[in-house]
Amino acid sequence: MLMAAMPNEMTVIEIAAPGGANMLRPAQRALPEVKAGEILVRVRAAGINRPDILQRQGHYPPPPGASDIPGLEIAGEVVAVGEGGGRFRPGDQVVALLAGGGYAEYAAVHESNALPLPAGYGYIEAAALPETFFTVWHNVFQRGGLKSGETLLIHGGSSGIGTTAIQLGKAFGANVIATAGSKEKCDACLKLGADHVVNYREDDYVTLVKDVTAGKGADVILDMVGGDYVERNLKAAAEDGRIVQIAFLNGIKATINIGRLMTKRLTLTGSTLRPRPVAVKAEIARELEAKVWPLLAERRVAPVMDMIFSLKDAWRAHERMEGGSHIGKIVLDVA
């Protein structure tokens, strides 16, 4: 094993018990074990994501074998390399997608789920990349099959996922429609390049989609709302459209018109990324490095940053996300 000098213990943020943001507590733990093929990263920054909140509330336990510490994305420097690891060396700067363990000073991850820090990026900004870019790439481009010239409808356009999807959709030639819940958030979506934005509190997105596509509808729909949006998405979709479900903020159950699904030949699919095998995430990482990392280096796409909190103030970061007023990514400054 290649490794640099390290302490015996690290500061982490534990979930004392399922509940509110005040259940996030600093604690001391031993450094993670570095297994074959893994790297140990000194975490400089960690991203906040809604699955972290669900885990804190007791609704989304980590997959078997994953750390119980919350946190799905980090940026930092490699300090140790496990047996069989050959891509990275101590001192390399990386970002990584984790199944857990990001709210800590050190985290272990399989080297195939890590990527080099994009050129020109610091740790804080880079920590906002993995979860949203992996999620958007997998669901919009791999599962949704978005092609240049097609129309992409994004719900929650001002979220971390939404701001990423708008930029990547535009970068790869799509016509982008986004939904958001305030004028400020709608303006932010337009500034990022969305062709059309609808305030879902004031207008019907199904009507807008039909109007701006001359009645055709959206070819790909990325939805994190669920509930009654599922049936409305069927109405907003174009023939042979693909609807990809990645969350269900409005509820896990829906009633849909199967006839509409059949006559329009729609594909209704969905995914969760956290429990997927390392090899699946590695394939996403390879495609991102080849097709998206150059765009990041050129600043053709970039994470939209909201607020930055210290590691010990992770509870405040959770309150910020739960409050719903954020635009873009919330990040912990671990350094």
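These are my notes from looking through a predicted model, one topic per entry.

**Entry 1: the parallel sheet**

I began with the open sheet of 6 strands, where the pairing is parallel and the order reads β11-β10-β9-β12-β13-β14. The edges are β11 (196-199) and β14 (267-270); each has a single partner strand, so one side of each is left without a neighbour in the sheet. I also looked up the twist: neighbouring strands here are turned by 15 degrees against each other on average, direction ignored.

Then I went to the β14 end. Strand β13 (residues 237-245) pairs with β14 in the parallel sense over 4 bridges. I noted Gln-245, which stands opposite Gly-270 in β14.

Which helices pack on this sheet? I looked at α3 and α6. Helix α3 (residues 130-143) touches β9 (151-154), β12 (218-223), β13 and β14, and its direction makes about 155 degrees with that of β12. Helix α6 (residues 205-212) lies across β9, β10 (175-180), β11, β12 and β13, running at about 160 degrees to β11.

**Entry 2: two helix pairs**

My note to self on bookkeeping: a packed pair of helices is described by the angle between the axes and the distance between them.

For α6 and helix α7 (residues 229-236) I have an angle of about 15 degrees and axes 9 Å apart. Roughly parallel counts as under 35 degrees, so α6 and α7 qualify as roughly parallel to each other. The crossing of α6 past α7 is right-handed. On the α6 side the contact uses Tyr-205, Val-206, Val-209 and Lys-210, and on the α7 side Tyr-229, Arg-232, Asn-233, Lys-235 and Ala-236. By class I get 5 nonpolar, 1 polar and 3 charged residues for this contact.

How are α3 and α9 oriented, roughly parallel or roughly perpendicular to each other? Helix α9 (residues 278-291) packs on α3 at an angle of about 90 degrees, with the axes 10 Å apart. That makes α3 and α9 roughly perpendicular to each other. From α3 the contact takes Phe-133, Phe-134, Trp-137, His-138 and Gln-142; from α9 it takes Lys-281, Glu-283, Ile-284, Ala-285, Glu-287, Leu-288 and Lys-291. The split for α3 with α9 is 6 nonpolar, 2 polar and 4 charged residues.

**Entry 3: α1 and its arginine**

I picked Arg-56, which sits in helix α1 (residues 50-57). Is Arg-56 buried or exposed? Its relative accessibility is 2%, so Arg-56 counts as buried. I listed what Arg-56 is in contact with, leaving aside neighbours within four places in sequence: Ile-15, Ala-17, Pro-18, Gly-19, Gly-20, Ala-21, Leu-24, His-318 and Glu-322.

Arg-56 is one of the buried residues of α1, alongside Pro-51, Asp-52, Ile-53 and Gln-55. The cover over the buried residues of α1 includes β2 (9-15), β3 (24-30), β4 (38-47) and α11 (314-323). After α1 comes Gly-58, with a positive phi near 90 degrees.

**Entry 4: β4 and its partners**

Since β4 turned up in that cover, I followed it. β4 is mostly covered, with 9 of its 10 residues buried. I found these antiparallel pairings:

- Strand β7 (residues 106-110) pairs with β4 over 5 bridges, and Arg-42 stands opposite Tyr-106 in β7.
- Strand β5 (residues 73-81) is joined to β4 by 7 bridges, and Val-43 stands opposite Gly-76 in β5.
- Strand β16 (residues 329-333) pairs with β4 over 3 bridges, and Leu-332 in β16 is the bridge partner of Ala-46.

**Entry 5: odd phi values**

Most residues other than glycine have a negative phi, so I checked for exceptions. Ala-214 has a positive phi of about 55 degrees without being a glycine. Ala-214 is found in the loop between α6 and β12, and at 75% relative accessibility Ala-214 counts as exposed.

Arg-299 is another non-glycine with a positive phi, near 60 degrees. The loop holding Arg-299 lies between α10 (293-297) and β15 (305-310). Arg-299 counts as partly exposed, at 41% relative accessibility.

**Entry 6: one last pair**

I finished with Ala-188, found in helix α5 (residues 183-192). Ala-188 has a relative accessible area of 18% and is buried. Its C-alpha atom is separated by 8.6 Å from that of Thr-163, with the two residues 25 apart along the chain.

How values were computed:
Residues are numbered from 1 along each chain as its sequence is written. This is a predicted model: local features need pLDDT of at least 70, side-chain atom pairs count only at pLDDT 80 or more; totals for chains, interfaces and linings use all residues. Side-chain values use heavy atoms; hydrogens and water are left out. Two strands pair if DSSP finds at least two bridges between them. Helices (H or I, at least four residues) and strands (E, at least two) are DSSP runs, numbered from the N terminus. Axes are lines fitted to C-alpha atoms, for helices over the stretch in contact, and angles run from 0 to 180 degrees between N-to-C directions. Contact means heavy atoms within 4.5 Å. Angles under 35 degrees count as roughly parallel, over 145 as roughly antiparallel, 65 to 115 as roughly perpendicular and the rest as oblique. A crossing is left-handed if the near helix is turned anticlockwise from the far one by less than a right angle, and right-handed if clockwise. Ala, Val, Leu, Ile, Met, Phe, Trp, Tyr, Cys and Pro count as nonpolar, Asp, Glu, Lys and Arg as charged, and the others, Gly among them, as polar. Buried means under 20% relative accessible area, exposed over 50%, partly exposed in between (1.4 Å probe, protein chains only).
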